[in-house]
Amino acid sequence: MGIEDVTGRIARDLEHLKQYTATPGNGCTRLPFTKEARDAVNYLKELMTEAGLEVTEDAAGNVIGTLKGEDPDAPCVMMGSHYDSVVNGGDYDGIAGVICAIEVARLLKEEGITPKRNFVAVGFCDEEGMRFGTGYFGSGAMLGHRDVEYTKNFADTDGITIYEAMKGYGLDPEKIGEAAWKEGSIGHFLEAHIEQGPVLDAEGTELGLVEGIVGIQRYMVTVHGRADHAGTTPMDMRMDAVDAATKVISKIADWAREKADGTVSTVGYINTVPGGMNIVAEKVEFTVDIRSMNNDNINDITNRIRKALDKEVAEFGGSYEMDNKLTITPVHLSEEMLDIMEEDCKAKGYSYRRMPSGAGHDSLEIGQSIPTVMIFTPSKDGRSHCPVEFTKYSEFAKAATIMKDLAKRYLEK
Ligand code: GLV
Ligand code: MN
Ligand code: MN
């Protein structure tokens, strides 16, 4: 199977998957537990079956295809990424890694190797956390980090909890624990993903070998004030939630900038209630997403936000909540697997560089406890989480080939 054939198969699958979006013509919107997610999962199941894999969907909505090895109880080699997307996102974030994993299974089969252990291709459910403000739902469940309580604790902006959304989708949230794999059953985890930043494209480098992934904390902050008439309430007699919230929001980016080490913080969502031009706002909700390779920086910014809210809210006698949606520490990926990939890139004449990831991935969750590695393909102009996201199919083929060789090393042991 030549690299052109690999490119062709990956192109065919990703082109087909483009149709499973809630926003045709305006990027990929494939939120978890929706019709688009179901349609994409059904197609992934078809591809896995065609590839000769044993297919299951687990209690968390992950789709799993297994190429059976001689000893199915030996720790497996798992490869995958997520099939959900952000709102108006691109056609490659996550799903390209799922297709690369299926392609690796196809290539392994075609090579006719007899794997000593299972090779498992996975499409994870709800990596993005877009709908419920969370993240890494499917990969977390696989590691036993999600329970029924969790599914009841988080809701989307329509008030639908994960629990309710799962039921509507045909999954039983009471059984979420069944998605957990036994400790030691996953030997190595591999993920191919688009870079989602500008480095590889700007340099003209073909592949990124990912050394580490930033830690992340996410919060929904709600500041409570009091609704009043905008014209008649004197400035010193109002409980203006917008005034207090924006004083804090305006500092959050600077606190990250101050670290000057790649730490980033983002307020990506702000909502005022009731949201009238002539009404003092009684409530402001805003999200905070803080990321760094240095976990102390994340904690420091979180503490500063809390302190600033204490002060600003106390000044007008209001109150606030700061609800944690996600806390995950930075992870260093497997040196052993990075070295193997590096040698293979050299042998194949592919240009590469080692690099960190500022985006979160299922590998961030899985890499906390299992030897994990990632490979990045270039994102045109660094654009991602938007409809113009683009990577050449031939780049995915190179990534799949490198990952196939890597998987083979462990499958033959
Ligand atoms: C996922 O793409 C994230 O980094 O938020
Ligand atoms: Mn992704
Ligand atoms: Mn993403």
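In the predicted model, ligand 1 is surrounded by Glu127, Glu128, Arg218, Arg291, Ala359, Gly360 and His385. Polar contacts to ligand 1 involve both side chains and backbone. An oxygen atom of the ligand is placed 2.9 Å from an N or O atom in the side chain of Arg218, and the corresponding distance for the side chain of Arg291 is 2.7 Å. The backbone takes part through Gly360, a polar backbone atom of which lies 2.7 Å from an oxygen atom of ligand 1.

The model also contains a pair of manganese ions, ligand 2 and ligand 3, set 3.5 Å apart. Asp93 coordinates both ions. For the manganese ion designated ligand 2, the coordinating atoms are NE2 of His82, OD of Asp93 and NE2 of His193, at 2.0 to 2.2 Å. Along the chain, the donors of this ion (ligand 2) follow the spacing H-x10-D-x99-H. Distant parts of the chain are thereby linked: Asp93 belongs to the loop between β3 (76-82) and α3, whereas His193 belongs to strand β5 (residues 186-194), and the two are 100 residues apart. Asp93 and His193 are both buried.

Helix α3 covers residues 95-111. Its 17 residues reach 24 Å from the first C-alpha to the last, close to the 24 Å expected at 1.5 Å a residue. The helix is mostly covered, with 14 of the 17 residues buried. Just after α3, Gly112 adopts a positive phi of about 70°.

The largest nonpolar core comprises 77 residues, of which Ile10, Leu14, Phe33 and Phe119 touch the most other members. When neighbours within four places in sequence are left aside, Phe119 is in contact with Gly65, Thr66, Leu67, Val77, Met79, Ala101, Val104, Ala105, Leu108, Ala407 and Leu411. Among these partners, Ala101, Val104, Ala105 and Leu108 fall within the residue range of α3, and Val77 and Met79 within that of β3. A second, separate core has 24 residues, including Met239, Ala244, Ile249 and Ile252.

Ile340 is located in helix α10 (residues 335-348). With a relative accessible area of 14%, Ile340 falls under the 20% limit and is therefore classed as buried. Apart from neighbours within four places in sequence, Ile340 is in contact with Leu406, Arg409 and Tyr410. The C-alpha atom of Ile340 is separated by 20 Å from that of Ile194, a residue 146 places away along the chain.

How values were computed:
Residues numbered from 1 in each chain as written. Chains lettered and ligands numbered in written order. Predicted model: local features only at pLDDT ≥ 70, side-chain atom pairs only at ≥ 80, totals over all residues. Heavy atoms only, no water. Core = buried A, V, L, I, M, F, W, Y, C linked by side-chain atoms within 4.5 Å. Buried < 20%, exposed > 50% of the residue type's maximum accessible area, 1.4 Å probe, protein only. Contact = heavy atoms within 4.5 Å. Helix = DSSP H or I, 4+ residues; strand = E, 2+ residues; numbered from the N terminus. Expected span 1.5 Å × (residues − 1). Donors = N, O, S within 2.8 Å, 3.2 Å for Na, K, Ca; no water. Near = heavy atom within 4 Å. Polar contact = N/O pair within 3.5 Å; in protein donor to acceptor, adjacent residues only side chain to side chain.
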